[in-house]
Amino acid sequence: MKYFRLIWKNAWRKKIRTSLTILSVFVAFLLFALLSAIGFAFRGGVDVADAERLIVIDKISLINPIPISYLNRIAATEGVEFVTHASWFGGYYQEPRNQFGQFPVNPQTYFNMYPEFNMPAEQFEAFKSNRSGAVVGQELADTYGWKIGDRIPIQATIWTKADGGRTWEFDLEGIFSTDDPRGSTALMLFQYDYFEEARAFAKGTVGWYILRVAKGADPVRVANAIDLQFANSPNETKTSTEAAFAQSFTKQFGNIALIVTLILGAVFFTLLLVSGNTMSQSVRERIPELAVLKTLGFGDRGMLGIVLAESILIMLMGGLLGLGVGWVLVQGIAKGMAAFLPGVYLSPAAIAGGVAMMIGAGILAGIFPALTAMRLSIIDALARA
Amino acid sequence: MRGLRQIFAVTWLNLRNLPQRIGSSVVAVIGVAAVVLVFAAVLSMAKGFERTMISAGSDDTAIIMRSGSTSELTSGLSNDQTLIIANAPGVLKDGDTTVMSAELYVIVDVKKKSTNTDANVPFRGVQPGAFEVRNGVTLVEGRMFETGKNEIIIGRAAQREFDGLDTGSTIRFGQTEWRIVGAFEANGSVSESELWTDVRVLQDAYRRGASFQSVRVKLQGPGSLQDLKDALEADPRINPDVMSEKEYYSGQAAPLSRFIKLLGYPLTILMSIGAVFGALNSMYSSVSVRGKEIATLRALGFGPISILFSTMIESTLLALVGGVVGGAAAYLVFNGFQVSTLNGASFSQVVFNFAVTPDLLINGLYAALIIGAFGGLLPAIRAARMPVAQALREL
């Protein structure tokens with residue numbers, strides 16, 4: 001640390017060049033921050049999935065409804081602690097572009113299933129006792145400026161009512177949130193009973209079941225037991241863990257996410273190459289000065305350390321600035337895209353990875369010049385000056 | 001005239017000793033190449049997707065769905081309603097029969113070859129008019145499905161992308177087994193991502209009774225869409241959304257292509273800024289290496305303008321080389337590359353090819369030129385203003 005001032009002075013020897021290098025590193029890590037946050041959203045909640053929860057869907061496709069009569073049969077399967085269900089409503093608020101997840105559910109069992117959603121007890125009670133009540137996540141309430149007591153009209157795209165109407169109105173009874181910064185709360189929940197009674201068709205069905213595996217039971221065995229039970233019935237089922245379910249969705253976006261990642265890897269590498277090159281160039285130019293330092297008594301190790309530290313310092317200055325600005329932007333993007341692409345989040349793992357990459361890149365860019373400096377023969381170097 | 005000759009002479013001198021500064025020049029070139037590569041690659045994805053979606057739609061075909069549905073998947077029409085549409089004004093008739101196809105659109109899980117996991121593949125029940133209401137759909141392998149039988153024909157793109165869809169094989173969805181009897185092409189449009197069968201068979205297999213989800217009709221002429229719209233909207237027995245097929249598919253393509261562009265343009269701008277820093281660095285070092293040379297030229301009587309231009313030209317040329325390299329790489333690697341993704345608007349897979357189009361490449365070159373100009377400007381000014389005496393003394 002006592003050489004910090006020397007390293008600092010060295011780094012700023014050519015102000016323009018150092019500023020430009022820092023700026024390109026800044027851009028690289030700004031990109032890195034944005035893309036890892038968006039990449040996190042594309043992984044679609046795989047990271048927040050609960051291993052004890054299983055999802056039961058129709059074997060042919062998620063869009064096929066399953067009879068509500070399966071509820072008790074699934075609940076009675078060995079190894080199932082309890083079960084709830086949800087359905088896809090697929091409506092929008094005011095304009096078709098305002099789409100977000102809306103699910104008719106059984107309030108009590110649904111919230112038992114998802115303890116990560118927190119809601120004040122009195123709001124929960126109000127929701128349970130109002131047939132046309134609804135609750136929304138904090139993110140959604142913020143997006144549309146909803147308050148408790150609001151009457152929210154949702155336009156159905158699928159579910160016309162028995163009376164032919166397409167507008168479903170709900171009383172907002174509660175707003176829930178989650179402590180997990182990775183979890184999305186851009187969703188709306190309302191009573192299945194109301195939905196079931198008012199819809200025009202497909203009565204007696206739900207979209208999918210969600211169940212919790214009893215303590216000590218093997219999730220794979222439970223899943224197989226359920227699917228076996230409904231084999232050869234008109235509605236065969238496919239049961240998977242929440243993580244596998246989320247992953248299968250992510251995979252549907254397919255190669256696109258992978259391609260974006262690959263492209264970005266290339267970009268990032270190039271930007272680092274650009275900054276690495278200028279770094280080694282600037283060290284080469286200073287060889288006579290380094291020789292003077294050696295003459296003054298700096299040892300080989302010291303020389304190696306000073307040059308490497310300078311390289312790492314420049315990477316850290318640009319990189320941390322990039323991550324910082326990226327972090328601020330991600331907050332904005334996450335808010336702006338909450339409904340369209342929920343779960344945009346810059347994870348601590350990504351930040352740590354970023355810092356590790358800065359140090360790694362600093363070492364890579366600095367190691368050859370540093371070795372040159374270390375092996376420098378004073379006489380030759382001074383002669384070159 | 002003399003000015004031009006000077007600029008030419010100095011530029012030529014510059015370019016000839018470029019090999020001496022190869023390291024930083026190559027880095028600048030790579031920086032620009034990466035920008036153009038990523039720009040063309042990301043936007044070729046949006047281009048390819050739009051082309052696949054929009055080439056499916058034609059202006060002289062109308063699609064009718066239940067009012068308020070955002071896609072065929074969420075729509076629903078009764079058998080009676082399809083008959084009302086068949087007899088509405090504006091629709092083309094062939095003798096006594098309307099040129100139309102009332103269709104059912106469901107999704108089945110089929111494994112994607114690339115990931116070996118289930119994907120939402122669209123499965124469409126069609127009527128015999130399906131080929132007439134769509135342009136350019138042709139059977140290229142096997143035969144047409146027979147009405148009333150569990151037989152499917154498969155889009156070429158779906159066949160390449162998903163597992164177990166070869167002509168001649170059978171596939172099981174739930175309790176029903178289907179025979180694949182043929183394959184069709186549709187000019188690379190979204191229809192090629194689909195599986196087709198007889199609509200009656202699909203209604204039975206999915207217990208949809210006699211209900212449909214969309215009706216496509218061929219229109220008589222340019223004004224017919226409005227006639228049809230007016231007539232159906234005035235009819236109390238039906239509450240439809242009527243639009244041209246082209247309009248429908250543009251709407252279906254919009255969210256995803258907007259998302260890709262929303263990602264692509266800021267990405268390009270950010271990267272361009274990074275590349276400008278790279279170019280600036282390389283040009284500054286070029287100017288400082290050539291300090292003595294520039295001073296000598298000035299002493300010999302070359303004007304500052306010729307020095308300025310020569311530096312700008314060097315930088316622009318390097319950027320242009322980068323642009324060409326990046327564009328060529330994008331074209332070679334990505335053009336025609338087939339992918340499939342989940343289109344949120346229809347909740348089903350769309351198979352499409354990346355399209356690195358000429359206008360993308362030209363825009364990429366513009367970006368390269370801008371980067372080169374910005375990267376060269378400040379160093380060029382410095383070169384032109386370099387005090388001659390002082391630079392020479394450093395000799």
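Biologist: Let's start with chain A. Which domains does the assignment give it?

Modeller: Keep in mind that this is a predicted model. For chain A, the assignment gives domain 1 as 4-45 + 254-384, and domain 2 as 48-253. A plus sign in the bounds joins two stretches of one domain, as in domain 1 of chain A.

Biologist: How far apart do the centres of those two domains of chain A lie?

Modeller: Taken over C-alpha atoms, the centres of domain 1 and domain 2 of chain A are 45 Å apart.

Biologist: And chain B, which domains does it get?

Modeller: Chain B has domain 1 at 2-54 + 252-393 and domain 2 at 68-238. Their C-alpha centres are separated by 47 Å. The two domains of chain B do touch: 14 residues of domain 1 and 18 residues of domain 2 take part in the contact.

Biologist: Which elements of domain 1 of chain B supply at least two residues to that side?

Modeller: Look at α2 (22-54), β13 (338-343) and β14 (348-353) of chain B. The largest share, 5 residues, comes from β14(B). By class, this side of domain 1 has 6 nonpolar and 8 polar residues, with no charged ones.

Biologist: What about the contact between the chains? How many residues does each chain bring?

Modeller: As a general point, the size of an interface is often given as the accessible area lost when the parts come together. Here we have residue counts: 40 residues of chain A are in contact with 42 residues of chain B. On the chain A side, α2 (15-42), α9 (242-253) and α10 (255-285) each give two or more residues. The largest share there, 12 residues, belongs to α10(A). Sorted by class, the chain A side comes out as 21 nonpolar, 14 polar and 5 charged.

Biologist: Let me try helix pairs. How do α2(A) and α8(B) run relative to each other?

Modeller: The general idea is to check the angle against a cut-off: over 145 degrees counts as roughly antiparallel. In this case α2(A) crosses α8 (residues 245-289) of chain B at roughly 160°, and the axes come within 9 Å. The two helices are therefore roughly antiparallel. Their crossing is left-handed. On α2(A), the residues making the contact include A:Leu20, A:Val27 and A:Leu31, while those on α8(B) include B:Ile273, B:Phe277 and B:Tyr284. By class, the contact has 12 nonpolar, 5 polar and 1 charged residues.

Biologist: Now a pair inside chain B. What angle do α1(B) and α10(B) make?

Modeller: About 45°: helix α1 (residues 2-16) packs on helix α10 (residues 304-334) of chain B, with the axes 8 Å apart. That angle is outside the parallel, antiparallel and perpendicular ranges, so α1(B) and α10(B) are oblique to each other. The crossing of α1(B) and α10(B) is right-handed.

Biologist: Which residues of α1(B) and α10(B) meet?

Modeller: Among them are B:Ile7, B:Val10 and B:Leu15 in α1(B), along with B:Ile305, B:Phe309 and B:Ile313 in α10(B). The contact divides into 7 nonpolar, 6 polar and 1 charged.

Biologist: Last one: what scores go with the model?

Modeller: For the whole model, ipTM is 0.81 and pTM is 0.87. Chain B averages a pLDDT of 90, and 99% of its residues score at least 70.

Methods: Residues numbered from 1 in each chain as written. Chains lettered and ligands numbered in written order. Predicted model: local features only at pLDDT ≥ 70, side-chain atom pairs only at ≥ 80, totals over all residues. Contact = placed C-beta atoms within 7 Å. Helix = DSSP H or I, 4+ residues; strand = E, 2+ residues; numbered from the N terminus. Nonpolar A, V, L, I, M, F, W, Y, C, P; charged D, E, K, R; others polar. pLDDT = per-residue confidence, 0-100. Domains from an automatic or database assignment. Axes fitted to C-alpha atoms, helices over the stretch in contact; angles between N-to-C directions. Parallel < 35°, antiparallel > 145°, perpendicular 65-115°, else oblique. Left-handed = near helix turned anticlockwise from the far one by under 90°.
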